[in-house]
Amino acid sequence: MRIGVLGGGLQGCCVALSLADRGLEVTLFDRNQQLLSRTAIANEGKIHLGYMYANDPSHATSRMMMQGAITFAPFLARHLGVAIDAMTVSRPAAYVVHRDSQRTVEQVTHYLAAVHALIREAAQGGTNPYFGRDLAEPKMWTAGQREAAFDPAVAVAAFDTPEVAIDPVALAEAVRRRVASDPRIDIRLGCEVLAVEGAGPLDVRLDTPGGAVRERFDHVVNALWDGRFAINEGRGLRPDRPWLHRLKYGVSFRLPRGTTPPPSATFVSGPFGEVVSYDDGLTYLTWYPVCLQAISTDITPPDWPTYPAEPLRSQLLQRTLSAMAAFVPSLRALDPGRLEDVTVKGGVIVAWGNTDIYDPASELHRRFEIGVTSTGRYHSVDPGKLTMAPYFADVCAGRIREDVTP
């Protein structure tokens, strides 16, 4: 039994690990020269518990995200051999209501409380599965606390939450090593997937360094990110709804020694951004009005660069830092020229909808219509968010294992 997995991002690597753990032979294809080298490392690494999605009052998105979040660390522990509470994560995020939020403070307060109740229910029976952390109830900051950390004219309310991020670069390195060491996983780099053909055994057509090839598999998993729609279309699975591919960048750096780190903070709800702060000084910033650089409705988006060239790189660094320093005082003293290990990187965000998040009714505020779509022995995985990759990997691998079990 041969399983072909298309795409060596986090989703594809997690599927490969989950299949190999079930005793199945996997061939993992990626067009790049290294696994987990593009969108997988170009994000804030947030493991969403569902607090961000106040614009989905049905709670369908929050229920989906918390399901992924409470299985994320256990999956890594199982496959990477790292204890849940030993994983390096950011400082817990404060959820900050921006003065221009699409939701009032009262609405956000009620939403956070409702989501927390759902999280406690979902986590029952687990021993602190969310990185070994106590899932404490969100707590509103006092006016004094808020004024010390943010411009109170902009930040009209703030709440402590247990939500954290995991450094995507460190995560990618660990997953990359683990995949490479698994004898059941055959890694094929520099291979671009052109099509998947057939109905029983499936043929994958590839453009490889040695030329065009065709390989046959018993099952194929499409875990591509920005290329998933195009391969699905060749299988007759063209979406019957609008979608957007968005290119968004973020900025990371290490603070100079002795600098007070900014609080981890997520600004809601609307086209804002966040700060992710680690104890070792690693800091990640993204501010939507600055960092969103392109939108495409094509079935395959342009080949946008993960690392922007100058002068855009410097502009993104300076403008993001300047925009956020306007209401996060701890960022004001930072000199872009003195920051260490500066990286500006971005990736494609794939989501349903035809309006941007400036629209409170946009479908981009919903992320529950995702998951594994299986037609015969062809499986397409839409994770929606990094948070969901391990969860959907086990869902997909479970379906395939059931098919091959006598």
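This is a tour of a predicted model, moving from a helix to the nonpolar cores, then to a loop residue and a small sheet.

**Helix 1**

Begin by selecting residues 10-21, which form helix 1, a run of twelve residues that reaches 16 Å from its first C-alpha to its last, close to the 16 Å expected at 1.5 Å a residue. If you colour the selection by relative accessibility, eleven of the twelve residues come out as buried, so the helix is largely enclosed by the rest of the structure. Among the buried residues of helix 1 are L10, Q11, C13, C14, S18 and L19. Step past the end of the helix to G23, which follows helix 1 and has a positive phi, near 85°.

**The nonpolar cores**

Keep L10 and L19 displayed and add V5, F72, F131 and V221, since these six touch the most other members within the largest nonpolar core, a set of 68 residues. The element that gives the most to this core is helix 2, with nine residues. Now centre on F72 and show its surroundings: leaving out residues up to four places away in sequence, F72 touches L10, I47, F131, I166, L171, L386, T387 and P390. A second core, separate from this one, has 37 residues, and to find it you can select V154, F253, L285 and V348, which it includes.

**N43 in its loop**

Next, select N43, which lies in the loop between strand 2 (25-30) and helix 2 (60-80). Is N43 buried or exposed? Its relative accessibility is 16%, and because the cut-off for burial is under 20%, N43 counts as buried. With polar atoms shown, the side chain of N43 can be seen to reach the backbone oxygen of T39 at 3.0 Å, while the backbone oxygen of A40 lies 3.2 Å from a polar atom of that side chain. Beyond its neighbours within four places in sequence, N43 is in contact with P168, Y284 and L386; L386 also appeared among the residues that F72 touches.

**The three-stranded sheet**

Finish with the open sheet of three strands, whose order is 7-8-9 and whose pairing is antiparallel. Strand 7 (192-197) and strand 9 (211-217) stand at the edges, and because each has a single partner strand, one side of each is left without a neighbour in the sheet. From one strand to the next, the twist averages 25°. To look at the pairing itself, select strand 7 together with strand 8 (residues 202-208), which run antiparallel and are joined by five bridges. One pair to label here is V196 with V204, its bridge partner in strand 8.

Notes: Residues are numbered from 1 along each chain as its sequence is written. This is a predicted model: local features need pLDDT of at least 70, side-chain atom pairs count only at pLDDT 80 or more; totals for chains, interfaces and linings use all residues. Side-chain values use heavy atoms; hydrogens and water are left out. Two strands pair if DSSP finds at least two bridges between them. Helices (H or I, at least four residues) and strands (E, at least two) are DSSP runs, numbered from the N terminus. Axes are lines fitted to C-alpha atoms, for helices over the stretch in contact, and angles run from 0 to 180 degrees between N-to-C directions. Buried means under 20% relative accessible area, exposed over 50%, partly exposed in between (1.4 Å probe, protein chains only). A polar contact is a pair of N or O atoms within 3.5 Å; within protein, one must be able to donate a hydrogen and the other to accept it, and residues adjacent in sequence count only if both atoms are side-chain atoms. Contact means heavy atoms within 4.5 Å. The expected span of a helix is 1.5 Å times one less than its number of residues. A nonpolar core is a set of buried Ala, Val, Leu, Ile, Met, Phe, Trp, Tyr and Cys residues joined through side-chain atoms within 4.5 Å.
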